[in-house]
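Hello,

Here is the structure for you to look at. My notes on it follow below.

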Amino acid sequence: MNGPVPAPPAVLGDCRGRLDGTSLTALAVYEPDTGDLDAVRWATDHRARLMEILAVHGAVLVRRAVYDAETLNAVAAAVGGELLTYTERSTPRSQVSGNVYTSTEYPANQTIVQHNESAYSASYPLWLFFASTVPAETGGETPLADSRSVVDELPADLVARFRDKGVLYTRAYREGMGLTWQESFQTEDRHQVEEYCREHGIEYTWTDDGLRTRHRRPALVTDPVSGRESWFNQAHLFHTSNLPPATREALSEMFDEEDMPRSAYYGDGTPITDEDMDLIRAALEKCVHAFPWERGDLLMVNNLLVSHGRRPYTGQRQTLVAMAGKGGDDR
């Protein structure tokens with residue numbers, strides 16, 4: 001972030017706070033003075049200050065706070081209000097309790113690249129709440145990157161192209177190739193899918209194999225507090241350059257361009273070059289800050305301002321997530 005970052009309140013109820021991170025990405029860290037925190041009471045009592053901190057820093061980590069899905073559900077509701085369901089899914093995850101889900105269920109040896117949750121969708125959460133109930137034996141961090149800093153680290157001409165054109169996301173749903181349309185839209189009813197697509201500006205075509213969709217979204221949003229632009233899209237994740245080279249080549253031989261499982265273009269349909277994608281990934285990586293999870297950690301994230309990912313890990317790992325606050329075109 002540009003300029004010195006103001007420190008969070010040094011004391012917030014039973015917790016002492018500090019700033020952790022870098023000049024590009026910093027989060028507020030709070031730790032109770034003694035024992036475990038009564039997280040629901042603490043979050044309720046200090047909601048206004050927590051929202052102020054999230055508006056400035058984009059993320060708050062609270063130690064020894066949440067150990068189960070029920071507590072996460074209550075804390076997230078106390079801070080963010082009514083919790084959201086996970087719709088228009090792009091990755092596999094399971095519902096645990098209420099609107100608390102597992103984090104993306106990818107194999108432990110895989111990296112989940114930085115992304116702002118549901119930035120490809122017309123509707124996305126404003127706030128994310130993570131809880132580490134089982135930290136990994138090694139690795140498994142959830143790296144954060146300030147999306148305002150990402151804009152600053154990218155070439156101005158690239159930012160201008162994305163600002164002017166936006167992003168066109170395409171998906172082809174079929175059995176055995178990522179999520180099916182039934183999994184993504186959480187229904188077996190084609191009419192419900194068609195209604196959802198019409199309401200959210202998604203072009204759709206039913207095929208012999210399943211479903212193809214196309215929709216355009218902005219590539220940047222403006223932070224309502226600071227007025228700074230924030231990099232808010234998943235072009236680098238949908239783009240075929242995100243695939244391992246051998247997988248990309250094999251899929252290109254198997255399918256026509258419109259039938260690739262996922263892809264991303266500029267909003268006018270013109271290709272985004274691999275070189276542009278490399279610049280975006282480099283900017284994201286430069287901005288990344290990661291911390292080791294501890295059991296009981298609660299992480300609150302302003303989804304407009306901070307992206308998240310996941311590093312590979314060994315051993316068992318369970319990180320739960322809840323989402324709140326509705327942003328986008330159909331609020």
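Four strands form an open sheet in this predicted model. Their order is β7-β19-β10-β17, and the pairing is antiparallel. The edges of the sheet are β7, residues 112-115, and β17, residues 288-289; each of these two strands pairs on one side only.

At the β7 edge, the partner is β19, which covers residues 306-310. The two strands are antiparallel and are joined over two bridges. If you want a place to find the pairing on screen, go to H115: its bridge partner in β19 is H308.

A little further along the chain is the loop between β7 and β8, where β8 covers residues 123-134. S118 lies in this loop. The backbone angle phi of S118 is positive, about 55°, although S118 is not a glycine. Is S118 buried or exposed? S118 counts as buried, because its relative accessibility is 6% and the cut-off for buried is under 20%.

There is a second residue to look at for its phi value. R64 is not a glycine either, and its phi is positive, near 50°. Where does R64 lie? R64 is in the loop that runs between β4, residues 59-62, and α3, residues 69-80. R64 has a relative accessibility of 22%, so it counts as partly exposed; that class lies between the buried limit of 20% and the exposed limit of 50%.

To find both loops, start from S118 between β7 and β8, then go to R64 between β4 and α3.

Regards

Technical notes. Residues numbered from 1 in each chain as written. Predicted model: local features only at pLDDT ≥ 70, side-chain atom pairs only at ≥ 80, totals over all residues. Heavy atoms only, no water. Pairing = 2+ DSSP bridges. Buried < 20%, exposed > 50% of the residue type's maximum accessible area, 1.4 Å probe, protein only.
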